[in-house]
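Visitor: I'd like to learn how to read a model like this one, feature by feature. Can you walk me through it?

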Amino acid sequence: MAVTALNAIDSPGPGVPVIRGLKEARSFDARIIGLAYESLEPGIYMHEIVDKVYQIPYPSAGVESLMARLEYIHSREKIDVIIPNFDAELFPFIRLEERLRKMGIRMLLPTEDQFEERHKINLPEFGKKYGIKVPESKAIYSPDEIQKNGQEIKFPLLVKGKYYDAYVAFTIEQAREYFHKVSSKWGLPIILQEYVKGIEYNVIGLGDGKGNRVAAVPIRKQYITDKGKAWGGISVGDEKMLKLTDHFIKSTDWKGPFELELMKDEKNDFSLLEINPRIPAWVYLAVGVGQNIPEAIVRLAMGEEVKPFDSYEIGKMFIRYSWDMIVDLKEYQQISAYGEL
């Protein structure tokens, strides 16, 4: 099995916790192939969980470059399943899904239409279509558009990148600063979104592509970094969130993992801030409370019947931490020079 997003840093990818879930699977034994973009991704050097690592080209290199690299890796490793974990790489993998299936490589991903309609740019239309409360937002391509849209949405507002990053701006000057900061990293457009005051909640879920929920675990964020990432959270029991999750899955026939980012206001109503079409970095909490979502993804991708999880432990916390690994320079040179380790 191959897994991407090995960057276990301050804005961590889901790769390492996904692998931990696969290693704890009861229905199969997993040999893990790590797929890395940069030679300093910490997961590359975690030999206790990753059996072999290959570098792959950035999504910007194009679909054919990725396909050629995967063909080479598959010739060496005979991959059964790939679990992509970055937003930016999902579109190329979706485009390659049928070609990879013919090679014997399976994935569990949303369709191209599902991927596009839940995009941040399209979220207001998504909310209207499916009857889900969504904050007002506008996609902009120039900082000159901030004043007009800021008057319509009203400050404070969120300045968000099309893939990652979100900042609260209280003035036009702050919004301009964040526009340049985010666009230089993730490109255009930038999304201006109405700021909803409240408590942040998230739901990790898994849909079977037929409108059925296979897994869902809601959490309340306990500690959030300056990058907006949950560094601690607690599993909660909230029927409203689970009903909203079921409505999302049933309405869209969602296939694969996802994360709903929600804000609960003072009236106890939820607004949907984002739909991330992949596994979040806190997935290991779901494993820890009784729903091994990475294991279920593999089984569904392989065409097996998976019984939906019907419960999870409430009141369990995850607390993220960091530690220093000692790595031989020869290993870094190996992955940098040859693209394999």
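Visitor: Let's start with the backbone. Where does Lys-78 lie?

Guide: Keep in mind that this is a predicted model. Lys-78 sits in the loop between helix 2 and strand 4.

Visitor: What is there to notice about phi of Lys-78?

Guide: The general idea comes first: most residues other than glycine have a negative phi, and most peptide bonds are trans. Here, phi of Lys-78 is near 55°, a positive value in a residue that isn't glycine.

Visitor: And the peptide bonds? Which residues does a cis peptide bond join?

Guide: One cis bond joins Phe-155 and Pro-156, with omega about -5°. Pro-156 belongs to the loop between helix 6 (146-153) and strand 6 (157-160). Another cis bond joins Leu-188 and Pro-189, and there omega is about 5°. You'll find Pro-189 in the loop between helix 7 (172-186) and strand 8 (190-194).

Visitor: On to sheets. In what order do the strands of the four-stranded open sheet come?

Guide: To read a sheet, follow the pairing from strand to strand. In this case the order is 3-2-1-4, with parallel pairing. Strand 3 (52-55) and strand 4 (82-83) are the edges, each pairing on one side only. Strand 1 (residues 2-4) and strand 4 are joined by two bridges in the parallel sense, and Ala-2 stands opposite Ile-82 of strand 4.

Visitor: What packs on that sheet?

Guide: Helix 2 (residues 63-77) does, touching strand 2 (33-36), strand 3 and strand 4. The direction of helix 2 makes about 160° with that of strand 3.

Visitor: What is the strand order in the six-stranded open sheet?

Guide: Same way of reading: the order is 13-12-9-10-11-14, and this time the pairing is antiparallel. The edges are strand 13 (270-276) and strand 14, each with pairing on one side only. Ignoring direction, neighbouring strands in this sheet are turned by 30° against each other on average.

Visitor: How many bridges join strand 12 to strand 13?

Guide: Six, between strand 12 (residues 255-264) and strand 13, which run antiparallel. For one residue pair to look at, take Glu-261, whose bridge partner in strand 13 is Glu-274.

Visitor: Which strands does helix 10 lie across?

Guide: Helix 10 (residues 293-301) lies across strand 9 (199-208), strand 10 (213-224) and strand 12. The helix runs at about 25° to strand 9.

Visitor: Now charges. How many salt bridges does the structure hold?

Guide: Side chains of opposite charge can pair when their charged atoms come close. The structure holds 20 salt bridges. Among them is the one between Lys-129 and Glu-117, at 3.1 Å from N to O. That pair links distant parts of the chain, with Lys-129 in helix 5 (residues 123-130) and Glu-117 in helix 4 (residues 112-117), twelve residues apart.

Visitor: Last topic, pockets. What volume does the second largest pocket have?

Guide: Rolling a probe the size of a water molecule over the atoms shows where empty space is left. For the second largest pocket, the volume is about 740 Å³.

Visitor: Which residues lie nearest the centre of the second largest pocket?

Guide: Val-16, Arg-20, Arg-320, Tyr-321 and Trp-323, out of 29 lining residues. By class, the lining has 20 nonpolar, three polar and six charged residues. Helix 1 (15-23), helix 9 (283-288) and strand 14 (317-319) each supply at least two residues of that lining.

Definitions and conventions. Residues numbered from 1 in each chain as written. Predicted model: local features only at pLDDT ≥ 70, side-chain atom pairs only at ≥ 80, totals over all residues. Heavy atoms only, no water. Pairing = 2+ DSSP bridges. Contact = heavy atoms within 4.5 Å. Axes fitted to C-alpha atoms, helices over the stretch in contact; angles between N-to-C directions. 1 Å grid on protein atoms, 1.4 Å probe; cavity = no way out; pocket = protein on both sides within 12 Å on 5 of 7 lines; lining within 4 Å. Points joined across faces, edges and corners; volume = space filled by probe spheres on them. Nonpolar A, V, L, I, M, F, W, Y, C, P; charged D, E, K, R; others polar. Salt bridge = Lys/Arg side-chain N within 4 Å of Asp/Glu carboxyl O.
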